[in-house]
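Got the viewer open? Let's take a short walk through this one, selection by selection.

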2 protein chains.
Amino acid sequence: MTRLTAKGAATRGRIVEAATDLVLARGVNGTSLDDIRAGTATSKSQLFHYFPGGKSELVSAIAAFQMDRVLAAQRPWLDTLDTWEDWDAWRDAVVEHYASQTHNCCAISSMVTELLVHDPERAAEVDGHAERWCAYLTAGLRRMGEQGKLRADADPERLAVAVFAALQGGLLLMQARNSIAPLEAALDGALAALRSFRL
Amino acid sequence: MTRLTAKGAATRGRIVEAATDLVLARGVNGTSLDDIRAGTATSKSQLFHYFPGGKSELVSAIAAFQMDRVLAAQRPWLDTLDTWEDWDAWRDAVVEHYASQTHNCCAISSMVTELLVHDPERAAEVDGHAERWCAYLTAGLRRMGEQGKLRADADPERLAVAVFAALQGGLLLMQARNSIAPLEAALDGALAALRSFRL
DNA sequence: CCTTGATTGGACCCTGTAGTCCAGAAGCTA
DNA sequence: TAGCTTCTGGACTACAGGGTCCAATCAAGG
């Protein structure tokens with residue numbers, strides 16, 4: 001991997017973007033390099049030219065790209081989860097984002113479990129992205145605690161994990177049943193759980 | 001597939017049991033027939049003798065077998081989710097079951113998403129098992145509603161989906177982070193959400 | 001014992017897939 | 001234009017995994 005010309009950077013970007021959609025729709029193990037090659041109108045050599053580490057490195061890039069997209073869709077609420085209204089708005093943003101996806105979007109956590117067996121290093125890396133996401137929730141809850149909006153016995157980190165788990169589970173069921181309803185129910189449940197700690 | 005002798009039935013059972021543990025630990029796509037062959041001290045021909053439909057049929061048997069195990073671990077509470085104490089006891093049973101598993105137990109829902117691409121029929125079948133599980137939760141909530149223990153605006157089915165999503169998400173995070181804590185947090189959150197509808 | 005059918009071992013085939021290689025085209029800089 | 005690097009196409013290799021086949025063995029009834 002040496003320097004990239006403008007053309008090269010464009011090709012690389014095109015590969016990542018198209019590959020992301022393919023992987024989201026069909027899973028990591030369900031997407032072959034040939035699928036990606038076909039879906040991007042490129043050749044094998046280009047894939048390995050831009051991602052010398054092969055599929056593993058490509059998956060890294062895909063995970064980072066997708067996480068940026070997902071986090072972006074939750075702005076600006078994700079950064080300012082300081083009031084109960086913010087949490088509601090965040091919920092709506094998440095639902096809207098996943099409802100608008102044409103592809104069956106996979107949960108970041110199921111990507112982790114998929115990688116866990118054959119590529120533990122990448123799994124840890126992708127899980128790091130998930131934890132980054134979860135950390136925004138923790139931070140919001142922590143601020144609300146400091147502002148006296150939560151009961152003293154509320155554990156921000158634990159609550160954030162609960163919300164995140166509900167979210168990921170909701171995405172899982174969304175995919176399995178091909179309906180947005182489970183995600184909505186899961187998020188509403190998570191917010192209800194949060195509110196049970198309301199002061 | 002004709003009649004089975006006692007010996008044949010035993011072999012078949014041995015295959016299913018061992019294969020289940022392998023698949024739970026490494027995922028459907030992460031487990032090859034050769035892995036199963038090695039793990040059960042059998043041969044290829046036996047696999048196809050007892051499961052003429054190949055891997056797909058074997059996966060069916062595995063899913064049914066595992067679902068029976070998981071449901072059994074939740075007895076008797078799963079059948080009688082009529083009081084808040086029952087829900088707490090159920091929660092504890094679930095946590096204990098998954099905490100005691102030596103293997104990294106996969107969530108039934110992640111099995112569905114894994115199958116979704118290459119074997120939609122089996123995915124639907126496995127999802128049926130998941131819905132059967134979820135139905136026990138719905139039934140419990142419905143009875144509690146009839147007994148006047150829930151607010152009138154509580155939707156048993158929707159609440160059950162929320163609980164189930166939290167559970168599945170908790171299992172996902174449990175696997176990803178190799179810790180039982182996320183499952184506990186997720187279930188506690190789900191029960192808190194339920195209690196917010198307490199009358 | 002003999003026959004029939006269930007059971008078992010393992011070699012074999014075919015396809016799909018990750019990854020390699022090299023030659024040629026395109027682009028940049030002097 | 002010359003010479004270098006980057007970019008691209010596609011054939012090729014190696015191998016893993018699902019699935020097939022056949023011959024050998026074992027079990028049960030007549």
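Start by selecting residues 120-146 of chain B, helix α7 (helices are DSSP runs of H or I, at least four residues, numbered from the N terminus). Its 27 residues should span 39 Å at 1.5 Å a residue (1.5 Å times one less than the number of residues), and the end C-alpha atoms are 37 Å apart, which agrees. Just after α7(B), click on B:Gly148, where phi is positive at about 70°.

A word on the model: it is predicted, so local features need pLDDT of at least 70 and side-chain atom pairs pLDDT 80 or more, while totals for chains, interfaces and linings use all residues. Residues are numbered from 1 along each chain as its sequence is written, with chains lettered from A and ligands numbered from 1 in the order written.

Next, add α8(B). Its axis and that of α7(B) come within 8 Å and cross at roughly 135° (lines fitted to C-alpha atoms over the stretch in contact, angles from 0 to 180 degrees between N-to-C directions). Residues to show at this crossing include B:Leu137 and B:Leu141 in α7(B), with B:Leu159 and B:Phe164 among those they meet in α8(B).

Now bring in chain A. 38 residues of chain B are in contact with 38 residues of chain A (C-beta atoms, placed from the backbone, within 7 Å). Colour α6 (108-116), α8 (156-177) and α9 (181-195) of chain B: each supplies at least two residues of the side touching chain A. The largest share, 14 residues, comes from α8(B).

Note on methods
Contact = placed C-beta atoms within 7 Å.
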